[in-house]
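Let's take a friendly walk through this structure, beginning at a single residue and then stepping back to look at its cores.

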Amino acid sequence: MMAGRAGKKPPKLAERLLILTLPPEDRAAVARDLTELYQMRASRMGGLRATAWYWWQVVSFATRQLKEGGTGRDEQLIGPRSDVTAVPGGRPYREILVNSTIQDIRYAVRGLARTPGFTLVALVTLGLGIAASTSIFSVVNGILLRPLPYPDSDRLVELFRTEDDGQQRDNHSGANYLDIKRQSRSFAGLAGHRSLRYAVVLDGTPRLIRGASVTSDFFEVLGIRAAVGRSLSTAIDVPGSDRVIVISYGMWRSQYGADPSILGQTLQANEQSYAIVGVMPPGFAFPEDVLFWASSPFEVPESPVDVGDDPASVRDLSWFSVVGRLEPGATLDQAQAEMTLIAERIRREYPNVDEGTLVVPLHESIVGDVKTSLLVLLGSVGFLLLIACANVANLLLVRASGREREIAVRMAIGAGRIRILRQLVTESLVLALMGGAIGFSLALRGTRALLSLAPDGIPRVAEVGTDLRVLGFTLATAAATGILFGLAPAAQVFYFGAGRSAPLAGVRQTASRRRNRMRNALIVGEVAVSLLLLVGAGLMVRTLVTLAAVDPGFDGDNVLTARVWIPAAKYQEDDDIITFYRETLDRVNTIPGVRSAGAVLSLPVNSGINGTFTFSIEGRVPEDDADSPAAGFQVASSDYLTTIGIPLLRGRWFTDADDSQAPNVVVINQALADRYWPDEDPVGKRLTWGNAEGEDPDWATVVGIIGNTRHFGLDEPPRLEIYQPYLQGSLPYLTLVVKSETDPITLTAAVRRAVMAVDPAQPVSAAATMEQVLFDSLGSRRFNMLLLVIFAVTALVLAAVGLYGVLSYTVSQRSNEIGIRMALGARTGAVIGRVMQEGIGLTALGLGIGVAGAVGLTRLMRSMIHGISATDPASFAIGATLLLLIAGLASLVPAFKASRVDPIQVLRTE
């Protein structure tokens, strides 16, 4: 009844009089507005009162026109062109528009309440799609989009040392850093920092925690002030001055109960006393996972190895990172050009130094390789949202088909297409915003679940959360999806409004093919996008399978690992370090269930402490410094090789006789042997670290060759490595490896007791099985794969539901045609086959489009995959096969429904 009154036309005589008195440029707009207002009043108060109101407005307007002399424009009626503010009777136009919109919203809510099944399915579909996209966007926002929490963070950069080929290296040497700092003019400040592990005693328990050794201007360069107390001062860089630390806000609260009197207290770290002078503000965490920042007694951060009394003069060892702040007005390109000139000066002055400096925005440096992965995930969840929109659009199309009579009647009695279009779009927006509210509430929990699954090492995870940008994204996504899936039924309005036939008197008609094209197109799009997600997930699964088949070069079964870092201040002599590790290994070997125990500087696939050093081969002189051999440095005990199961290929491994009194020996891996001795046996050859130009080079004899291990991960090639016995090259930080007869994790407490029996204040950290170390090394790839698989499975289900819905609706619309065909002799199998053929045909068309799109888009995943091509045929074939199988299953139920149509009942109806 309401729809009929809303579509009633105003009195023709009054309408003609209004048109005669209106200026030509305003006739269409004002007449349309009055007609709409008339229809609104007719729906609320009846046609008689609405007609009276309409006549009153026409007479009032005509009187004013005559009184004002026919100015050609009534400002009170329609207002200035730039801002229509009033209508006849003095009623604000915007108020009318607001009231009209509110009426549309109420009508939409009532319509959704009348169809609870449709509303529930649509809201669940939209809610899941928006929740997934909002959760991923929360992570992207926190890591990629949100600026660093430092003043003018866009001027912060990180400086990387590079070789001639531009390969990045994170570390700088002390002397080169000071040369850059003194000569540069593009930077307001440069500061050095290095993460270190400190042995401390907290709550009576020895612990190994991560801190940072920094230069005095570190916080000044970042532009951060202490929340409590002060930060570091320039006097601290003078050798011999007292050492101080600034602790993190989290450590202040957890260990000191946020006690403001903490200033001046001391903390024993690595057997040295540090005075606490400040507490940093909440959220400050640079570098990542650092609990305190210790002053360095030098102009550069402390070195992890003994480099002499003046680390600032060392040029052939690099051990710390450099952060800088650009001068106001200085650009990144200007700073890079200046670094190139400074590098050339250093080369001229020091011919043995052949390196450059790369300037990178600090945000880009922190985010690193995770940027590509996050953008791929955001794009994937966007595709999932498109599939959800397509499903809801199909639901709305089916619903609009049921409202064709209502819409046609409204249009027949005068309702404009724009008015009906606005009503339909309002309904879509109401539905989308309701889905957005559900999605946002789910996203709050989904983001927490996402972060709980995220592997360690993802930068800025602590900054991920819900803010106004995330809320705005959800609202914008909901509005955009509402408009997107609302266009489908709106297009049908224009189709009927163009004069084509519509079912007015309940006459049954066979569904028009043109009317079904839109539904079919949406299904084809769903299949195409689903294939993209399936192929992406398939590539990640295939990558993990390929990496799992990679030989790591060792046997990690029943091996426990634990990190030990003894303080150099307590163990200053090499003999003291050797004695500690020798006694520790002896005690660990006596633990019941232990087969053997060893120690190494850095575990395979875990990188750990990375040192790449140049060396010289006896009898060979490189043409220039760029051709100097280089290899990774490792220190290991005599039982390490058998404990971790690295094969000995030639020669021998170390023995306890290879101590400081014996001739220097080394063992190299096969990769290094192939590189520098490709056609000869390297056993018996001699080499030395650095260059051999001195009077008495410290030569070491190669006594053996071992198999390659994947030092940087299973997805990286083996690095060149040289092993030195720890009895000849003692270091204060080694990782214990223990081979057990049973579950190795059960030995953790016993190993910790064995270490504390040698030194009660010595902590043990990062205890884990070697299998867990291998598992964690693929954490980021596994996380990406898990999310892509979840997206792909969800897309597969939504595509199947969409295809089922379209075919079911098609069968219901064509039930008369099917019944007549069966009455004329069509077999049941033929009817089933025809429906199945339609479903599989739509799927095949979507697969064709999806393959073309996937070939291009999966190339963006190159950095995320390993061992396979971005166009891996197996991933494409598996994805297409899954979609075809799901399409077949989704088509079965509508096909059997079609086969059960009763021809007799159809003929009676006809």
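Our starting point, Asn669, sits in strand S17, which covers residues 665-669; helices (H or I, at least four residues) and strands (E, at least two) are DSSP runs, numbered from the N terminus. This is a predicted model, in which local features need pLDDT of at least 70, side-chain atom pairs count only at pLDDT 80 or more, and totals for chains, interfaces and linings use all residues. Residues are numbered from 1 along each chain as its sequence is written, and side-chain values use heavy atoms, with hydrogens and water left out.

Asn669 is buried, and its relative accessible area is 0%. Buried means under 20% relative accessible area, exposed over 50%, and partly exposed in between (1.4 Å probe, protein chains only). What does the side chain of Asn669 reach? At 2.8 Å lies the backbone oxygen of Arg719, and at 3.2 Å the backbone nitrogen of Glu721.

Now step back to the largest nonpolar core, which has 83 residues. Such a core is a set of buried Ala, Val, Leu, Ile, Met, Phe, Trp, Tyr and Cys residues joined through side-chain atoms within 4.5 Å. Ile143, Tyr640, Trp653, Tyr723 and Phe791 have the most contacts inside this core. Helix H17 (residues 513-548) supplies its largest share, 14 residues. Because domain 3 (370-549 + 779-909) and domain 4 (567-761) both give residues to this core, it lies between them; the domain bounds come from an automatic or database domain assignment. Apart from this core lies another, of 54 residues, including Ile247, Ile577, Tyr733 and Val758.

Note on methods. Polar contact = N/O pair within 3.5 Å; in protein donor to acceptor, adjacent residues only side chain to side chain.
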